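Take a moment to look over the model below and turn it around a little. Then we'll walk through a few spots together.

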Amino acid sequence: MRNWLLVGAAMLLAGCSGYQAGGPRPAFRSLEIAPVRNATSRTGTHAVLHGKLNDAFAGDPRVRLGAGDAVLTTEVTDYRRVGFTTKPGDAFAFNSFRVTFEVRATLTAEGGARTLFKDRVFAAAATLQNAGDPVAEELSVAPMLFADIASQIRQAATTAW
């Protein structure tokens with residue numbers, strides 16, 4: 001019986017020895033996040049996205065931020081605000097809006113010699129209820145949308161290749 005316990009413990013330890021916090025090792029150890037470009041009419045979005053990308057990757061213990069193995073370039077390529085419910089009695093005044101941001105990202109490794117993904121589109125959307133100041137409401141939802149997009153990009157970048 002004692003031998004079976006030792007064999008079981010050895011198998012358990014051998015199985016756990018390959019575990020790494022955060023999942024499998026990505027194709028790079030260090031990541032440089034290039035300044036975010038903005039091709040939309042919404043000013044300031046590039047700074048918010050850059051901060052959220054830094055936060056997303058800084059929270060991953062497998063990745064070190066800074067110049068090195070890989071470079072992530074991103075561009076905010078689309079911003080949409082579509083009204084979809086109207087106020088009773090006024091077909092031209094909207095009650096609710098759907099706000100969508102799209103970001104195009106490219107990840108290269110080994111000094112640009114290896115492309116892990118190119119011009120991949122990531123998007124996030126939210127519904128806003130017009131409660132008086134739609135501009136302020138949009139500004140408050142943008143960080144949440146960019147945090148979602150940054151999480152999507154981190155997941156795509158750190159998935160086993």
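Asp119 sits in strand 6, so let's start there, keeping in mind that this is a predicted model. What does the backbone do at this spot? Phi of Asp119 is near 50 degrees, which is a positive value in a residue that isn't glycine. That's worth a pause: most residues other than glycine have a negative phi. As for its surroundings, Asp119 has a relative accessible area of 40% and counts as partly exposed, because that value falls between the 20% and 50% cut-offs.

Now slide back along the chain to Glu110. Where do we find Glu110? This residue is in the loop between strand 5 (90-109) and strand 6 (114-129). Glu110 also has a positive phi, near 55 degrees, and it isn't a glycine either. Is Glu110 buried or exposed? With a relative accessible area of 53%, Glu110 is exposed, because exposed means over 50%.

Last stop: Thr73, which has its place in strand 4 (residues 70-87). Its relative accessibility is 27%, so Thr73 counts as partly exposed. Which residues does Thr73 touch, if we skip those up to four places away in sequence? The answer is Ala34, Arg37, Arg104, Ala105 and Thr106. Pick out Ala34 from that group for a closer look: Thr73 and Ala34 are 39 residues apart along the chain, yet their C-alpha atoms are separated by 5.2 Å. Try finding that pair in the structure, and then trace the chain from one residue to the other.

Note on methods:
Residues are numbered from 1 along each chain as its sequence is written. This is a predicted model: local features need pLDDT of at least 70, side-chain atom pairs count only at pLDDT 80 or more; totals for chains, interfaces and linings use all residues. Side-chain values use heavy atoms; hydrogens and water are left out. Helices (H or I, at least four residues) and strands (E, at least two) are DSSP runs, numbered from the N terminus. Buried means under 20% relative accessible area, exposed over 50%, partly exposed in between (1.4 Å probe, protein chains only). Contact means heavy atoms within 4.5 Å.
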